[in-house]
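User: Please take a close look at one part of this model for me, and set that part in the context of the whole chain. I would like a connected account that I can follow with the structure open beside me.

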Amino acid sequence: MTPRALDPEVVQQKVRHIARLRDDLRAMGVVEAARLEAEPVTRHAGEWILTQVAQQAAAAATYLVVRSGGQVPTTYRESFRLLAADAVIDPDLAERLQALAGMRNLLVHRYDDIDLDRLAAGLRRLPEDADAFVHQVTAEVRRLLGEGTDPPPS
């Protein structure tokens, strides 16, 4: 596949959305399983934020992979694996994002009862992973545009 021209706004829009969701999650405060059990609205908000971050990150990853001439990912997990293979995000982050995609699938498709301890742990980890994704993807967009590799502060 031949690489296509980068439309930075496609990625930047998704990255801005991820950053807003990250900030909303931080504003929720400490998220523990007991709180998710006792506060259904907090649980629903956390589930929504997690699914949206996973979807926006996968969309940005897919765009960058396909734009570079790589194969088209068929799953969210694959989009993160391929983005790491292209050295856009680090492999450890890709693994965590693949786990995030798995949690997103559980939430969206309701394959099984949701383990609130696992959901709470994922929500506690999400702001750091969102920060890393925003930073690494923004650095790649800047590199592709010839603007250097230091992204603006988030």
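**Arg 26 and its surroundings**

Analyst: Arg 26 is partly exposed, with a relative accessible area of 43%. What is described here is a predicted model, and within it Arg 26 is found in helix α1, which covers residues 8-27. When residues up to four places away in sequence are set aside, Arg 26 touches Pro 127 and Asp 131. A further link across the sequence appears in the backbone, where the C-alpha atoms of Arg 26 and Leu 123 are 9.4 Å apart although the two residues are 97 positions apart in sequence.

The contact with Asp 131 deserves a closer reading. Side chains of opposite charge can pair when their charged atoms come close. Asp 131 forms a salt bridge with Arg 26, and the closest N and O atoms of that pair are 2.5 Å apart. Because Asp 131 lies in helix α6 and Arg 26 in helix α1, the pair ties together parts of the chain that are 105 residues apart in sequence. Asp 131 is itself partly exposed, with a relative accessible area of 23%, and the 43% of Arg 26 puts that residue in the partly exposed class as well.

Asp 131 has another partner in helix α1. The side chains of Asp 131 and Arg 22 meet in a salt bridge, with 2.7 Å from N to O. This pair, too, links distant parts of the chain, since Asp 131 is in helix α6 (residues 116-144) and Arg 22 is in helix α1, 109 residues apart. Arg 22 is buried, with a relative accessible area of 6%, whereas Arg 26 is partly exposed at 43%.

How do these pairs stand among the other salt bridges? A search of the whole structure finds 14 of them. One of the pairs is formed by Arg 43 and Glu 47, whose closest N and O atoms are 2.8 Å apart. Arg 43 and Glu 47 are four residues apart in helix α3 (residues 40-67), so about one helical turn separates them. Glu 47 counts as buried because its relative accessibility is 7%, below the 20% limit used for that class. Returning to the part you are looking at, salt bridges that share partners join Arg 22, Asp 23, Arg 26 and Asp 131 into one network.

Glu 47 also leads on to helix α5. The C-alpha atoms of Met 103 and Glu 47 are separated by 9.3 Å, with their positions 56 residues apart along the chain. Met 103 lies in helix α5 and counts as buried, at 6% relative accessibility. Beyond its neighbours up to four places away in sequence, Met 103 touches Leu 50, Arg 118 and Leu 119.

Helix α6, which holds Asp 131, also holds Gln 136. Gln 136 counts as buried at 17% relative accessibility, and, leaving aside neighbours within four places in sequence, Gln 136 is in contact with Val 88, Ile 89, Asp 90 and Leu 93. Just before that stretch in sequence is Ala 87, in the loop between α4 (76-85) and α5 (91-109). Ala 87 has a positive phi of about 60° although it is not a glycine, and at 64% relative accessibility Ala 87 counts as exposed.

These details sit within a wider frame. The protein chain has six helices and zero strands, and reading along the sequence gives the pattern α-α-α-α-α-α. For 154 residues a compact globule would have a radius of gyration near 15 Å, and the 16 Å of the protein chain agrees with that. Taken along the principal axes, the C-alpha atoms fill a box of roughly 50 × 30 × 25 Å. Buried residues account for 47% of the 154 residues, while the chain exposes about 8000 Å², of which carbon and sulfur atoms supply 51%.

Two further values for the whole chain bear on the subjects of contact and charge. Among contacts between residues at least 6 apart in sequence, 65% join residues at least 24 apart. The chain carries 19 positive and 23 negative charges, and the mean positions of the two sets are 4 Å apart.

Notes. Residues numbered from 1 in each chain as written. Predicted model: local features only at pLDDT ≥ 70, side-chain atom pairs only at ≥ 80, totals over all residues. Heavy atoms only, no water. Helix = DSSP H or I, 4+ residues; strand = E, 2+ residues; numbered from the N terminus. Buried < 20%, exposed > 50% of the residue type's maximum accessible area, 1.4 Å probe, protein only. Contact = heavy atoms within 4.5 Å. Rg over C-alpha atoms; globule rule 2.2 N^0.38 Å. Areas by Shrake-Rupley, 256 points an atom, 1.4 Å probe, with all protein chains shown as cover. Lys, Arg positive; Asp, Glu negative; His and termini not counted. Charge placed at Lys NZ, Arg CZ, Asp CG, Glu CD. Salt bridge = Lys/Arg side-chain N within 4 Å of Asp/Glu carboxyl O.
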